[in-house]
Amino acid sequence: MIKQHLMLRAAIALSLSAAILTTGCGAGSSRLMFGTGGTAGTYYSYGGIIAQYMTRYGGAKVTAVSTGGSKVNIQSVQDGDFQLGFSQSDVMTYAWNGTKSFEKDGPTHDFRVLGGLYAETVQLITMDKDIHSVGDLKGKSISVGEAGSGVYFNAVDVLSAAGITMKDIRPQYQSFEDSKESLKDGKIDAAFMVSGAPTTAITELATTNGVSLINIDGELRDKILQADPYYSPLEIPAGTYPGQDKPVETITVKATVIVSAAMEDDTAYRLTAAVFDHADEIAKENAKGKELSLENATEGMAVPFHEGAARYYKEHGIEVDTREPAPQAQEDANE
């Protein structure tokens with residue numbers, strides 16, 4: 001882990017140096033690092049577009065960086081290596097409360113919400129003709145996401161609701177890209193991917209090899225929603241992927257942009273405006289931009305918003321919470 005952290009810092013330093021060298025006039029004096037996700041996921045492709053609009057209209061040079069995803073981004077904001085990043089709404093709740101993927105690390109309150117962007121869909125995919133439901137995963141080799149990632153805990157939630165433990169499967173801790181390649185090579189039987197649909201890795205696999213999406217629905221989904229209220233039901237429409245002729249029922253969390261709690265209010269305000277004032281333009285460049293709305297940005301957040309972002313939403317008639325929970329309330333949240 002120490003070696004990985006040092007390598008990440010080195011990569012950030014190189015990216016920042018490149019950003020300084022390539023910054024043009026008019027981009028603003030601030031240079032901000034934006035943690036996204038793996039190159040085969042929606043975070044990376046969409047994050048690059050968001051960074052462009054923030055640079056163009058937010059008065060800062062924002063550089064999108066490929067990372068291991070939500071937890072890495074939160075910790076890098078905490079360490080001061082990043083100033084903003086993507087996070088699943090469930091993972092940032094774990095971080096704030098010091099639960100699940102942050103149980104060993106403890107809580108961090110060094111970040112704030114800028115805004116929610118789009119639904120992050122829990123997608124269970126397979127090329128195995130014998131797998132038709134979550135229950136069929138017993139005894140199989142399953143990619144459950146990288147160790148400690150948001151995908152991993154989403155997979156655990158789904159499997160647990162179906163009465164399946166990690167001992168009941170052969171878990172593989174892989175990125176989206178590695179999962180795609182492992183499925184193609186027959187090294188794994190199924191994979192969990194949590195990302196906005198369509199997801200690049202799944203589209204590529206569906207195009208070249210064909211793939212099936214497994215429903216997470218009925219009593220299983222009801223059980224998940226009751227246990228973890230940060231999930232919502234979602235239908236993946238037919239035709240989202242090549243060869244997908246039927247809708248797929250599943251669950252979703254929300255892709256959220258977080259920023260450092262130390263970010264200046266004016267900067268957070270400008271970055272928020274850069275995204276939501278240009279939602280129609282962003283939607284033309286990435287399909288997930290169609291989900292940009294003030295409602296999506298502000299609903300269902302268990303972590304406080306940045307004061308600068310709150311000012312933008314207030315100007316548009318929406319009040320959001322910027323207050324940290326009282327110590328007793330925080331203590332109760334961890335029990």
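This passage describes the fold, core, one pocket and two buried residues of a predicted model.

The overall make-up is a good place to start. The protein chain is built from 13 helices and 10 strands. Of its 335 residues, 53% count as buried. The surface that the chain exposes comes to about 14,900 Å², and carbon and sulfur atoms supply 49% of that area. Among contacts with a separation of 6 or more, 73% are accounted for by residues 24 or more positions apart.

Turning to the interior, the largest nonpolar core holds 96 residues, and within this core L117 and F192 touch the most other members. Strand β4, spanning residues 111–126, makes the largest contribution to this core, with eight residues. In soluble globular proteins, nonpolar side chains tend to be buried together. The surroundings of L117 can be listed in full: beyond residues up to four places away in sequence, L117 touches Y46, I50, F86, K254, A255, V257, V275, F276, E291, L292 and N296.

K254 turns up again at the second largest pocket, where Y230, S232, T252, V253 and K254 lie nearest the centre. This pocket has a volume of about 210 Å³, and 13 residues line it. Strands β4 and β10 (248–260) each supply at least two residues of the lining, with β10 giving the most, at three residues.

Two of the pocket residues named above, V253 and K254, are also in contact with Q88. Q88 sits in strand β3, which covers residues 84–88. Its relative accessible area is 4%, so Q88 falls under the 20% limit and counts as buried. Although buried, the Q88 side chain has a polar partner, namely the side chain of D90, in a contact of 2.9 Å. With neighbours within four places in sequence left aside, the remaining contacts of Q88 are with Y43, S70, E120, G150, V151, N154 and V194.

The last stop is F102, located in the loop between α4 (89–97) and β4. Where does this loop residue stand, buried or exposed? F102 is buried because its relative accessible area, 1%, is under 20%. Its contacts outside the four nearest places in sequence are K71, I74, Q75, V91, Y94, A95 and T108. For one of these partners, K71, the separation along the chain is 31 residues, while the C-alpha atoms of F102 and K71 are 8.3 Å apart.

Terms used:
Residues numbered from 1 in each chain as written. Predicted model: local features only at pLDDT ≥ 70, side-chain atom pairs only at ≥ 80, totals over all residues. Heavy atoms only, no water. Core = buried A, V, L, I, M, F, W, Y, C linked by side-chain atoms within 4.5 Å. Buried < 20%, exposed > 50% of the residue type's maximum accessible area, 1.4 Å probe, protein only. Helix = DSSP H or I, 4+ residues; strand = E, 2+ residues; numbered from the N terminus. Contact = heavy atoms within 4.5 Å. Areas by Shrake-Rupley, 256 points an atom, 1.4 Å probe, with all protein chains shown as cover. Polar contact = N/O pair within 3.5 Å; in protein donor to acceptor, adjacent residues only side chain to side chain. 1 Å grid on protein atoms, 1.4 Å probe; cavity = no way out; pocket = protein on both sides within 12 Å on 5 of 7 lines; lining within 4 Å. Points joined across faces, edges and corners; volume = space filled by probe spheres on them.
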